[in-house]
Amino acid sequence: MNETLLVNETAVPAPWIEASNGNTSLELSSNLVEFAINPWDIMLCVSGTIIACENAIVVAIIIYTPSLRAPMFVLIGSLATADLLAGMGLILNFVFQYLIPSETISLVTVGFLVASFTASISSLLAITVDRYLSLYNALTYFSERTIFCIHMMIVITWVVSICLGLLPILGWNCLNDLSACSIVKPLTRSNMTLLAISFFVIFMVMLNLYFKICKIVCRHAHQIALQQHFFTTSHYVATKKGVSTLAIILGTFGTSWLPFAIYCLVGEYEYPSVYTYATLLPATYNSMINPIIYAFRNQEIRRSIFVLFCGCFQTNVSYRSRSPSEV
């Protein structure tokens with residue numbers, strides 16, 4: 001069933017985000033240019049392409065470089081894989097909805113996107129836990145127990161994400177009852193509420209952990225300064241840099257996802273789809289920024305990129321094992 005979204009008296013193919021045909025709040029003029037393809041879908045596809053390319057590089061680097069096997073890099077690889085799949089999902093959704101419109105394919109692509117973005121957000125939480133452990137248990141961080149816990153976090157992350165992605169395919173959808181639809185068809189309102197609440201829980205846990213990390217960093221910097229019997233400019237700069245980095249991480253994550261998560265709770269299926277697009281598009285930008293924050297800022301990954309693409313360094317260069325707190 002290929003449904004259309006009537007906006008401004010212009011027929012625009014509607015993907016998995018749909019609005020009621022009777023909604024006329026966006027009718028501004030009958031002389032607007034008619035688009036065969038929804039411009040919002042084009043922007044989502046472009047976003048997905050950039051996301052896929054960026055994270056494909058990160059995944060290739062981690063696989064290609066044997067020295068990048070520390071727990072920190074395994075978690076970054078999990079995050080990059082999730083974001084890579086999310087980018088591919090946005091591209092496939094665009095292709096399928098215009099070339100092969102089908103309710104079954106719509107369920108599969110939406111489930112794929114739910115699983116990918118859930119894995120991405122959960123991987124961010126796992127990285128936060130890893131950074132906290134590297135500071136709180138610095139002496140035992142590289143123990144077998146820590147490595148086991150990190151691997152278990154990755155397994156749990158992907159198992160839960162895949163299960164959430166399978167729910168629409170297994171029947172938790174609104175294809176047979178449009179009144180139960182959320183702002184993202186074919187997901188039900190109860191399904192979206194579950195996803196939104198899960199996001200808020202993860203965000204609050206991350207906020208709490210980064211607050212504790214900030215306290216540990218400031219305390220360590222203060223202790224070092226006391227041992228040197230004076231506070232140097234470098235002490236102030238290092239502390240300020242650490243706090244600024246944490247603020248950038250949380251600010252980026254919150255700014256990207258909070259609008260969409262809030263709208264998932266308050267939005268209705270009958271609302272204009274432009275509101276859904278306007279909150280969903282920034283959420284995808286988080287997967288675009290993740291490689292910059294967690295991968296490309298890392299000196300070892302940057303060196304590996306040079307090795308992979310231009311051979312600027314020898315592949316047998318020794319790497320110093322680093323903890324997440326140094327990244």
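Start with the whole chain in view and think about which parts touch: of the contacts with a separation of 6 or more, 74% are between residues 24 or more positions apart. Keep in mind as you look around that this is a predicted model.

Now colour by secondary structure. You'll find eight helices and two strands, and if you walk from the N terminus, the order is β-β-α-α-α-α-α-α-α-α.

Next, switch on the surface. The chain exposes about 16100 Å², with carbon and sulfur atoms supplying 68% of that. Of the 327 residues, 46% are buried.

Time to go inside. Hide the surface and select Tyr 210, Phe 253, Trp 257, Phe 260 and Tyr 294: these have the most contacts inside the largest nonpolar core, a set of 66 residues. Which elements give two or more residues to this core? Among them are α1 (39-64), α2 (71-99), α6 (233-266) and α8 (299-310). Select α5 (189-227) as well; the largest share, eleven residues, comes from α5.

Zoom in on Trp 257. Skip its neighbours within four places in sequence, and what does Trp 257 contact? Show Phe 117, Ile 121, Phe 199, Ala 283 and Asn 286, and you have the set.

Last stop: select α7 (273-296). Try a quick check with the distance tool on its end C-alpha atoms, which are 35 Å apart. At 1.5 Å a residue, the 24 residues of α7 should span 34 Å, so the two values agree. Then look along α7 for a bend of about 35 degrees at Ile 289. Within four residues after Ile 289 comes a proline, Pro 291.

Definitions and conventions:
Residues are numbered from 1 along each chain as its sequence is written. This is a predicted model: local features need pLDDT of at least 70, side-chain atom pairs count only at pLDDT 80 or more; totals for chains, interfaces and linings use all residues. Side-chain values use heavy atoms; hydrogens and water are left out. A nonpolar core is a set of buried Ala, Val, Leu, Ile, Met, Phe, Trp, Tyr and Cys residues joined through side-chain atoms within 4.5 Å. Buried means under 20% relative accessible area, exposed over 50%, partly exposed in between (1.4 Å probe, protein chains only). Contact means heavy atoms within 4.5 Å. The expected span of a helix is 1.5 Å times one less than its number of residues. The bend at a residue is the angle between axes fitted to the seven residues ending there and the seven starting there. Accessible areas come from the Shrake-Rupley method with a 1.4 Å probe; for residues, only the protein chains shown count as cover.
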